[in-house]
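Okay, thanks for squeezing me in. I'd like to walk you through one structure today, so let's get it up on the screen.

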Amino acid sequence: MSSQSEMSNSDLHIMKRLPIYCLILLLKFTSCAADSQSQDLKDSIETRMEELIMQNNLPGMSFSIIYSGGKQLNCSAGYADTEKEILLSPEHVMFSGSIGKTYSVAVLMQLVEEGKIDLDARFISFFPETGWLKRLPNMAEITVRQLLEHRSGLPRYIDEEGVWDSLYNNPDKVWTYEDRLAFIFDKEPVHDVGNGWAYSDSNYLLIGMLIEKITDSPYYSEVNSRILEPQNLQNTHPSLTREITNLPIGYSNLPPFFKMPEKVVENGKFVFNPQMEWTGGGFASTTGDLAKWAK
């Protein structure tokens, strides 16, 4: 999600491109209530969630709280499948969108601490033989730090209509680094390097490339061994396939530009291969795991 005070229409559209379920997490640092009080609170929260679902015409909603003592409360309301009236539960996972960028930052900063990456090194210095990178705007000057801070000036590749044409025409496509970034080859930069700010998933695709280059292992293997396993995030899964266990049906109201059907999961398969998103997001998770990770 953009940290700008006002998001553009494009930002809002991109946020809605996946199932319209609410992923909500809350970290509440107060003393833990007694079990009976905790159940009363859960009932109260879920009643309010049901009201919000009705008011906003949502399929379902999940919500998690972690208390300072470590007790966790996970709530859900509404449906995982509105047609079959399958109730949404805290065990259902949902695409967590750009929250996934935080895993890539965490891995990258571990590599910085290990002395393997200099944040102020120019990104291109790690890939002297990768010729196609030179077709990206500003690439000769962009540092690793500027990618992390969205100060590179790189356009958002997902704003290009060709991306959505490709997803529509070949939903099973497995995307390479170049496949994704080719949509912004030879484009004008959004701003000069370090001389502005513009949120762009393109920045984090390059961060993923760098992680794999330095570690010589797949990005998701690094996230699993460095973050998911140590933090016991058992319900956080890489979005690498159209079939993701415990994924709700999901519904979309996107404009025609995105070529997205109203129902985005059919016969257990998502409408396209979410592997496309990769380090721009790239995970499906429960709100319970998201709350643990944020805490």
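Before I point at anything, one bit of vocabulary: I'll say two strands pair if DSSP finds at least two bridges between them. And please keep in mind that this is a predicted model.

Right, the overview. We have 295 residues, and 48% of them are buried. The secondary structure comes to nine helices and nine strands. If you take the contacts with a separation of 6 or more, 75% of them come from residues 24 or more positions apart. The accessible surface is about 14,100 Å², and carbon and sulfur atoms account for 47% of that.

Let's start with a sheet. β5, β9 and β6 make an open one, in the order β5-β9-β6, with antiparallel pairing. β5, residues 94–95, and β6, residues 236–238, are the edge strands with a single partner each, so one side of each has no neighbour in the sheet. As a reminder, strands of a sheet pair through backbone hydrogen bonds, either parallel or antiparallel. Between β6 and β9, which covers residues 283–285, there are three bridges. If you want a spot to click on, find H237: its bridge partner in β9 is A284.

Now, what lies across β6 and β9? That's helix α8, residues 219–228, and it runs at about 35° to β9. This helix is largely enclosed by the rest of the structure, because seven of its 10 residues are buried. The buried ones are Y219, Y220, E222, V223, R226, I227 and L228. Look down the axis of α8 and those buried residues fall within an arc of 155°, so they line one face of the helix. The textbook background is that an α-helix has 3.6 residues a turn, so residues three or four places apart point the same way. And what do the buried residues of α8 pack against? Besides β6 and β9, they pack against three helices: α3 (101–113), α7 (201–215) and α9 (287–294).

Okay, over to the hairpins. β2 is residues 60–66, and β3 is residues 72–81. They pair antiparallel over seven bridges, and I66 sits opposite Q72 in β3. There are five residues between the two strands of this hairpin, and G70 in the turn has a positive phi of about 105°. β3 then goes on to form another hairpin with β4, with four residues in between, and here E85 in the turn has a positive phi of about 55°. β4 is residues 86–87, and it pairs with β3 in the antiparallel sense over two bridges; Y79 has L87 as its bridge partner there.

Is β3 enclosed or open? Largely enclosed, because seven of its 10 residues are buried. Back in β2, have a look at S62. S62 is buried, at 2% relative accessible area, and its side chain makes a polar contact with the side chain of S76, at 3.0 Å.

Last stop, two loop residues with positive phi. N267 is in the loop between β7 (265–266) and β8 (269–270). Its phi is about 55°, although it's not a glycine. W278 is in the loop between β8 and β9, again not a glycine, with a positive phi near 50°. Which one is buried and which is exposed? N267 counts as exposed, at 79% relative accessibility, whereas W278 counts as buried, at 6%.

That's my tour, happy to take questions.

Key:
Residues numbered from 1 in each chain as written. Predicted model: local features only at pLDDT ≥ 70, side-chain atom pairs only at ≥ 80, totals over all residues. Heavy atoms only, no water. Contact = heavy atoms within 4.5 Å. Axes fitted to C-alpha atoms, helices over the stretch in contact; angles between N-to-C directions. Buried < 20%, exposed > 50% of the residue type's maximum accessible area, 1.4 Å probe, protein only. Polar contact = N/O pair within 3.5 Å; in protein donor to acceptor, adjacent residues only side chain to side chain. Arc of directions from axis to C-beta. Areas by Shrake-Rupley, 256 points an atom, 1.4 Å probe, with all protein chains shown as cover.
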